[in-house]
Amino acid sequence: MNDESTLRAGEEASAYAGAVEERGRVNVALAGRGVGTPKPNRRPSAGRTLPGVLASRWLGPGVALAALALPYLNSSTYVIRIAVDALIFVMLAVGLNIVVGYCGLLDLGYAAFFAIGAYTSGLLSTRYGWPLIATIPVVVAAAVAGGLLIGGPTLRLRSDYLAIVTLGFGEIIRITANNLDFTGGPDGLYGIPGFGDFGLRSDIALYWVTAVVVCLAVLFAGRLGRGRLGRAWRFVREDEDAAEAMGIHTYRVKFAAYIAGAVFGGLAGVLFAAHQTAISPPSFNFLWSALILMAVVLGGMGSTPGVVAGALAISLLPELLRGAENWRYLIFGLLLIVAMIFRPQGLLPARAGEARRRGRRVRGGAS
Amino acid sequence: MDHFIQLVFSGLFVGSFYALVALGYSMVYGIIKLLNFAHGDLYMVGAFAGFTVLSVGAGALGGGLLALIAIMLVAMAATGGLGVLLERVAYRPLRGAPRLSVLITAVGASFALEYGIAVAFGPNPEVYQMGVSGGTLNVLGARLTYAQLAMTAIAVVLMIALDTLVRRTRTGRAMRAISQDPKACLLMGVNVDRVISRTFFLGSALAGAAGVMAGVYYGKIDFLMGFVIGLKAFTAAVIGGIGNLRGAVLGAVVLGLLESFSVAYIGSEWRDVFAFGFLILFLTVRPTGLLGERVTERV
Amino acid sequence: MSEVLLDVRDMAVQFGGVRAVDGLTFRVHEGEVLSVIGPNGAGKTSAFNCITGFYKPSGGTVTFGGARITGRRPAVIAASGIARTFQNLRLFGDLTVLDNVRAGMHVRIRQNFLDAMLHTPRYRRGEDAATAEAHRWLDFVGLDHDRTAPIRNLPYGEQRRVEIARALAREPRMLLLDEPAAGLNHGEKAQLLALMRRIAGLGIAVVLIEHDMGLVMEVSERIVVLSHGKEIADGTPAAIRSDPAVIEAYLGAEDEEAHAEAERIAAEAGPGGTTEVES
């Protein structure tokens, strides 16, 4: 397309702006498909919530630095243990956010991929003596295979079918692990090695490995979400037909989101196996899947800071509120309903606009 | 051969449980295209409602079939009301919202019901103090208990009642109309909100009835008992063709039989894996179900 | 006449017992501005949906640029060079104006997931170029608004422009516009007319479904008239105006709006600018 043809035609734009505004509302209301109007005022702009801090480019590095520095601040085994738990949970939430937040697909069996990762690395390391690090390629392959198996048939269907099939898949994986002798049955696997201690206290060594992996995972997931594929995920989330009309192969795009989520879950499973040293089927029940989903939803679907904060809150809260488990889950459930009705964008929503900086640089003085 | 018939009977029996729950799933989906994840939990609440009645009025009721029916009616009223409340509070404000929001709300509702019951009754299983008399009957060499027969009969009566209601009454006609085109119904003066409420009442009440039957039959209930049955009911609804009521019953019977045979030949520990695997297979091969019609997806 | 770009032959589509499109045949030539008109329910939008793959035609063939595209999936058809807008405005509401336009460039941006994760030079180059191009298309359609804001904050008329910009960013050889003037006021319609001429100036064939006859008569080189899912006339605006079959189709229909439209055609038969018509 030649640049010469580009010309501006918006001179009289402001003159009728008022009239357009008026019609706009009516027509937008009429444009709704289905019974109601589409998304009335959901996700107001992020302006109200800590805009400066959240938009800052130093937020990510700052939090990462704080995470890496933790052992210098407090290295008690208790703190290190719950910090590793929390970090693994962050990784799971960030992975599920790709599927749910970016692409708008509800996965209710995300713990299945977590289990696939943990069991694959656990089996290879305990039964065949592989070093844990060497199991990673197999874990990735197994997670992808699981994603293909479930995504293949269901991603073509209406999105709510995916939700319930993933729920079933989560159960299939857990029950299978429980029934097979090979996977240790109800007792699971034990004696899973770590990544090595690098001359440090072994839990601190694992903490650093986990922290580095999780920080990279958060970074990569966020970047993936902003790139070409990430945009395609959002297009599919917003309007599949319109995305198709732009030449976007929506089935493949959804598949990519599902597989990416699976890989993140699988890798989190490796960290979990190393951290727990013993794994068993109840660690991967529906409660886990639901809690990860809650971290994503309450934190803010599609928002990296929101999801990280949500994951930290949900994994650390139990440490503060020990004992009141059933009450806690009851409140979580109610919170999900309340959040969807009153604040579907979550507590720290995804930034609605985009940085103007880049636009201005490229565009020069055009505006 | 005796063994075969025994398996068929137990499949039909389990299938009739599934059918009661699947009907509600399918009705709600048919009318507002919502997968009500909390539906299985309404079944669980029904069981607990029945348990409450039983523990309060245990002496007065005696132990016969009439007592069972009385308990079921109370439980059905309670779960029906709860279903209406759930729709009013959680789902109605989100009509027209993105599908993802509604699904997440349904997950939240399911969670809230499960752990609400866990808070109210404690997390441990409760024992149903109602052994329906243990007589047995021999049919074609298979052994059936009277309890099984009575419950299957009640389930069939409920299903016939629902079918009649949907096909013969004004409410039923309105329900079918809304499932076709809610907007047109609104324009034609159908009170859509009221019909949806009634749909939730009926579906939830049937689930509640199934919950009481499960409590009586298995003798034990717990706050997570609705999770798996919800999945099974959905599977049944998909097999039959979701949104189609007779399909839901057919799907439930098919699933019950499949499970009955898989338990016999593969082992009971694989029953759920088999059922959910079958769900995935069915969605791959024939997502519209046995009785579902092929619909052209319109832009 | 220049080369045939789109060739629709005997296309048919059915919904239950209703034949929305019933043996439709027409052609679009390279760079041509063609309007498809007809009473409500004549099957215009259904025909668009068949051409773009959103409906599977039950019969007939669609050939685009010499290749058969009948029944292919929408993404494949779009990638082959057909872009469209929707009757009811289908934008990505929560995304920014720029992102909406970037959607059109999706198939052209060369970038894999590693580029995106590692922010390679190729990633930066590609993203910057895409942003610059998105701005150019927004300039082209004359959008004078904050482009970094979510699109649902824009007024309706501006959203319509962005939808066209998004379709243009697909760099199509043919653009299908489904009632682009619906809901626009007089001034905006004039701008739309100018915009369609600029688009045609780029050598892109424009196929327009529109009820505003003033606009149709003004911009079209050729008009195809549909009734009951079939073409009943095909010719220049002047020929269509005086075609008895067309007048019959509009007047014969037992539809008030159709009567109004027929009168509108008659009233606007003389050469003139766009007339604002409220239905």
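**Chain C: two sheets, two domains**

In chain C, strand β1 (residues 4–15) and strand β4 (residues 59–64) run antiparallel, joined by five bridges. Keep in mind that this is a predicted model. Here's a quick tour of the two open sheets in chain C, one of four strands and one of six, plus how the domains are laid out.

**The four-stranded sheet**
- β1 and β4 belong to an open sheet of chain C with antiparallel pairing, and the strand order is β2-β1-β4-β5.
- At the edges sit β2 (18–29) and β5 (67–68) of chain C, each pairing on one side only.
- For a spot to look at where β1 meets β4, try C:D7, which stands opposite C:T63 in β4(C).

**The six-stranded sheet**
- The other open sheet of chain C goes β6-β7-β8-β3-β9-β10, and its pairing is mixed.
- Its edges are β6 (82–84) and β10 (230–235) of chain C; each has a single partner strand, so one side of each is left without a neighbour in the sheet.
- From one strand to the next, the twist averages 20°.
- The partner of β6(C) is strand β7 (residues 174–178) of chain C, paired in the parallel sense over three bridges, with C:I82 opposite C:M174 in β7(C).
- Helix α7 (residues 186–201) of chain C packs on this sheet and touches β3 (33–37), β7 and β8 (205–209) of chain C. The direction of α7 makes about 150° with that of β8(C).

**Domains**
- Domain 1 of chain C is pieced together from 30–81, 172–189, 200–206 and 218–262, while domain 2 covers 92–154.
- Taken over C-alpha atoms, the centres of these two domains of chain C are 30 Å apart.

Notes. Residues numbered from 1 in each chain as written. Chains lettered and ligands numbered in written order. Predicted model: local features only at pLDDT ≥ 70, side-chain atom pairs only at ≥ 80, totals over all residues. Domains from an automatic or database assignment. Pairing = 2+ DSSP bridges. Axes fitted to C-alpha atoms, helices over the stretch in contact; angles between N-to-C directions. Contact = placed C-beta atoms within 7 Å.
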